[in-house]
Amino acid sequence: MIQFNAARQLEVPQKAFLMEAIDLALDQLDLGTSDLEKIESAYNGVGNYLAGCEHPLLEDAEIYPQGSIRLRTTVKPRTKEEFDVDLILFLPNAGNATRDEINDVVWKHLKASKVYGPLAEPLARGFRINYSGNYHLDITPAVEYTAEELRGQPLWVVDKRFQFKESNPEGFALCFDDACGLLPKIMRTQSFRETLSAEMIKDFPDQNDKKLLNRIIQVIKRHRDVWAAREDNRYGEYKPISVLLTTLATLAYLHIVRLGKTFSSELDVLLDVLELMPTFIQQANDEYRVENPSMHEENYAEKWNRKEKMEGPKLRQGFFEWHKAAIHDLEELARASNQGMNVMFASLSEALGERPVKAARESIVETVSASREKGNLGVVLGTGAIAAAAPKTVKAVTAKTNPIVPVKKNRFYGGE
């Protein structure tokens with residue numbers, strides 16, 4: 001197992017400062033209010049249109065988000081890339097229909113619209129609505145999965161290769177919500193902004209109710225995207241998919257929480273999660289599995305087992321190359337943090353991209369400058385560390401579990 005060395009040896013104030021810089025960069029990558037409003041409007045529009053179809057197969061249709069919008073792990077796409085908004089189109093009255101019958105009805109209804117017809121295209125699992133801008137909606141028709149009782153809303157989703165495949169995105173989301181409600185024990189230290197004068201602190205409202213696990217997933221996904229776009233990266237086109245990364249990170253996070261270990265900083269939690277992710281990949285009889293914890297039949301590493309054109313081995317290698325790069329880049333960031341803010345932020349730009357890191361740096365410099373004028377400078381700029389007070393008493397955080405929220409017709413989770 002590849003392990004961290006330099007990052008673990010940093011002083012606690014340095015770790016706190018690094019995590020603060022990472023968090024400020026991620027603030028720039030959250031979907032803004034304007035983005036969410038556009039996506040929600042598009043979602044409601046196509047949802048109402050599909051739910052209003054009079055064909056018997058679409059009677060009482062429900063549509064709801066899956067993926068990053070539902071999990072609150074969205075990351076703005078890089079330039080010239082589009083954001084995927086993944087939706088389930090649940091058809092409660094189409095249980096006896098074939099995949100082709102379902103696809104034909106949905107496709108014809110979309111094409112009959114003057115709005116959606118010109119924007120629609122078929123996918124291996126449903127259809128895409130291509131909006132002008134930086135996002136598109138991917139709609140996956142699904143019917144009830146009746147083999148057994150499972151948490152969430154277990155489904156059969158249409159699939160080009162298998163007619164139908166098991167899936168339970170809402171069950172996975174509920175498991176993820178539970179994991180987000182569990183927090184490891186972390187030494188309470190003063191953050192960068194807390195170290196400075198209270199009157200200079202600006203509020204940073206958490207509009208999306210982000211917990212530590214949400215942020216860890218965002219770090220992982222953003223690094224994956226930046227890594228994949230590097231010019232010398234021959235594995236970029238085989239980058240690991242988001243749901244696989246999210247599942248492995250969640251399993252690793254749950255493992256360390258259950259161990260009851262006390263961490264000196266949130267950065268140490270991120271380090272442990274990254275190190276442990278590969279250990280939750282199952283392998284037996286030359287088959288790889290990363291299972292949906294709410295439906296073990298659903299294998300997020302299914303494509304890793306494909307032999308055509310060596311697709312499976314390339315995707316597996318893509319994951320392990322990304323994982324090696326993630327640990328390497330964080331190690332480089334740790335070393336750079338001992339060489340001053342300029343070097344540290346240059347290294348962080350390599351990991352998360354120049355634009356969001358530049359904004360994070362400007363925010364920190366502005367706050368430091370304002371505090372200097374007040375005579376309350378509490379940051380050692382030469383090392384990037386915080387001249388913080390001694391850590392307060394270790395405080396165990398009570399685990400909380402989010403309540404199960406039933407799926408409602410045309411409910412948009414991202415706006416909550």
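**Exercise 1.** Decide whether lysine 108 is buried, partly exposed or exposed.

*Solution.* Start with the cut-offs: buried means under 20% relative accessible area, exposed over 50%, partly exposed in between (1.4 Å probe, protein chains only). Lysine 108 has 53% relative accessibility, so this residue counts as exposed. This is a predicted model: local features need pLDDT of at least 70, side-chain atom pairs count only at pLDDT 80 or more, and totals for chains, interfaces and linings use all residues. Residues are numbered from 1 along each chain as its sequence is written, and side-chain values use heavy atoms, leaving out hydrogens and water.

**Exercise 2.** Find the salt-bridge partner of lysine 108 and place the pair.

*Solution.* Take the rule: a salt bridge is a side-chain nitrogen of Lys or Arg within 4 Å of a carboxyl oxygen of Asp or Glu. The partner is aspartate 104, with the closest N and O atoms 3.3 Å apart. Both residues lie in helix H4 (residues 99-111), four residues apart, about one turn of the helix. Helices are DSSP runs (H or I, at least four residues), numbered from the N terminus. Aspartate 104 is partly exposed, at 35%.

**Exercise 3.** Describe the salt bridge between glutamate 275 and arginine 8.

*Solution.* Distance comes first: the closest N and O atoms are 3.0 Å apart. Next, location: glutamate 275 is in helix H9, arginine 8 in the segment before H1, 267 residues apart. Last, burial: glutamate 275 is buried at 7%, whereas arginine 8 is partly exposed at 27%.

Methods. Helices (H or I, at least four residues) and strands (E, at least two) are DSSP runs, numbered from the N terminus.
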